[in-house]
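Good morning. I will take a few minutes to go through one protein model, starting with a single residue and ending with the whole chain. Please have the picture open.

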Amino acid sequence: MNRFIERHPVWALVTVVAIVVALWLIFAIWPEGLEDAIGRKKVFLNALFNGITLGGLYFLVASGFTLIFGLMRNVNLAHGSIYLFGGYIGYKTVEWTGSWVFSFIVAFIAAALLGIILQVLVFRRMEGQDLRQTLVTIGISIVLADLMLWGFGGNYYQIHTPQWLVGPMPLPFVTAVKSSGEPVYLTYPIVRLVILMASIVIGVAMWLVLNRTRIGMIVRAGVDDRDMLAAMGVPIQLVFVLVFAFGAGMAGMAGVVGGTFQSISPGEDTRFLLASLVVVIVGGMGSITGAAIGALLIGLAEQIGLVYFPTYGIVLTFVIMVVTLAVRPQGIMGKAR
């Protein structure tokens, strides 16, 4: 942090000012003039929390993508199809068993198995051939999309939220003050808060495994010099299969999350593939922390843009990506190569 401040004092000052302004907007009671200018505080806070929870969903998808693309250098453009596949599997599991929690396990396993098939039959035969991987996985994503359209139809599906997660929860953020002087607090859906907390726990666990355990050391060493690692007796191909399976399983599990507070339908695979690409570009390839930061920025940009300038809201996402590429081409947390 001190090194960043020394090298980029202007950006550090801008960041501090932005944080102070954001905290004031969240915790302070807005004056009438401000509400007249940008709307009610409740609308702002809802957009803010919607952006954060959407960022949590994007992180679950992009974290698997950054493992596969950023760490293993496998260009898997069928990642969005794995997300949609996991969502459909989760929907059917809830429909058959009635268990929302169990659907996460089933979706993770099904998507992980699909990931193993892709790694063994496709990527192992084309290691280091980025263009071939890109073209082949585009074809696979088209085939998977058609198969899912054939199997599940073109309807929209929503995974039913369990009863214990239905309803709003009061949060300690004052949105207004009644004439009697009594504060009005923000309420927010419990299921979104639970999913957000789960995303944070998963993100922290992934970072710890990759950076503080022997398994993470083997994965990172295998990317840098797989021949040397194989010569030391480490089954590098098995390690890569397991990492690919985990990344695919994360995408499948994210499909259940997306189907719970949004919907599952044809076309969502392309949307989340694009979101994952943008998140990885902004955050930095191979960085779990970068994926979290990128997902948060993109989620906030989408939701705040949707509320305050819906016509041009989608442009914010690409503005963030362009600025990042111009200022720091390797991404916010990426390493220059």
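In which helix is M321 found? M321 is in helix α14, which covers residues 313-327. Keep in mind that this is a predicted model.

Is M321 buried or exposed? The relative accessible area of M321 is 16%. Buried means under 20%, so M321 counts as buried. If we set aside the neighbours within four places in sequence, M321 is in contact with V278, I281 and V282. For a sense of distance, take M321 and I89, which lie 232 residues apart along the chain. Their C-alpha atoms are separated by 32 Å.

Next, S276. This residue is found in helix α12, residues 268-283. S276 has 2% relative accessibility, so it too counts as buried. What does S276 touch, apart from residues up to four places away in sequence? The list is V61, A62, F65 and H79.

The third residue is Y91, in helix α5, which runs over residues 79-97. With a relative accessible area of 15%, Y91 is buried. Again leaving out residues up to four places away in sequence, Y91 touches Y157, Q158, I159 and I264. There is also V256, which is 165 residues from Y91 along the chain. How far apart are the C-alpha atoms of Y91 and V256? They are separated by 7.2 Å.

Now the strands. Strand β1 takes in residues 168-177, and strand β2 takes in residues 183-189. In which sense do β1 and β2 pair? They pair in the antiparallel sense, over six bridges. You can follow this with two pairs of residues. M169 stands opposite Y188 in β2, and V177 stands opposite P183 in β2. The two strands form a hairpin with five residues between them. In that hairpin, G181 takes a positive phi near 90°. As background, side chains in a regular strand alternate between the two faces of the sheet.

Finally, the whole protein. How many helices and strands does the secondary structure come to? There are 14 helices and two strands. The radius of gyration is 21 Å, and the globule rule gives 20 Å for 337 residues. Those values are close, so the protein is as compact as a globular protein of that length. Along the principal axes, the C-alpha atoms fill a box of roughly 70 × 55 × 35 Å.

Of the 337 residues, 45% are buried. What about contacts along the chain? Consider contacts between residues at least 6 apart in sequence: 70% of these join residues at least 24 apart.

The accessible surface comes to about 17,400 Å², and carbon and sulfur atoms account for 70% of that. As for charges, the protein has 20 positive and 15 negative ones. The mean positions of the two sets are 7 Å apart.

That is the end of my part.

Conventions:
Residues are numbered from 1 along each chain as its sequence is written. This is a predicted model: local features need pLDDT of at least 70, side-chain atom pairs count only at pLDDT 80 or more; totals for chains, interfaces and linings use all residues. Side-chain values use heavy atoms; hydrogens and water are left out. Helices (H or I, at least four residues) and strands (E, at least two) are DSSP runs, numbered from the N terminus. The radius of gyration is taken over C-alpha atoms; the globule rule is 2.2 Å times the number of residues to the power 0.38. Buried means under 20% relative accessible area, exposed over 50%, partly exposed in between (1.4 Å probe, protein chains only). Contact means heavy atoms within 4.5 Å. Accessible areas come from the Shrake-Rupley method with a 1.4 Å probe; for residues, only the protein chains shown count as cover. Lys and Arg count as positive and Asp and Glu as negative; His and the chain ends are not counted. The place of a charge is taken as NZ of Lys, CZ of Arg, CG of Asp or CD of Glu. Two strands pair if DSSP finds at least two bridges between them.
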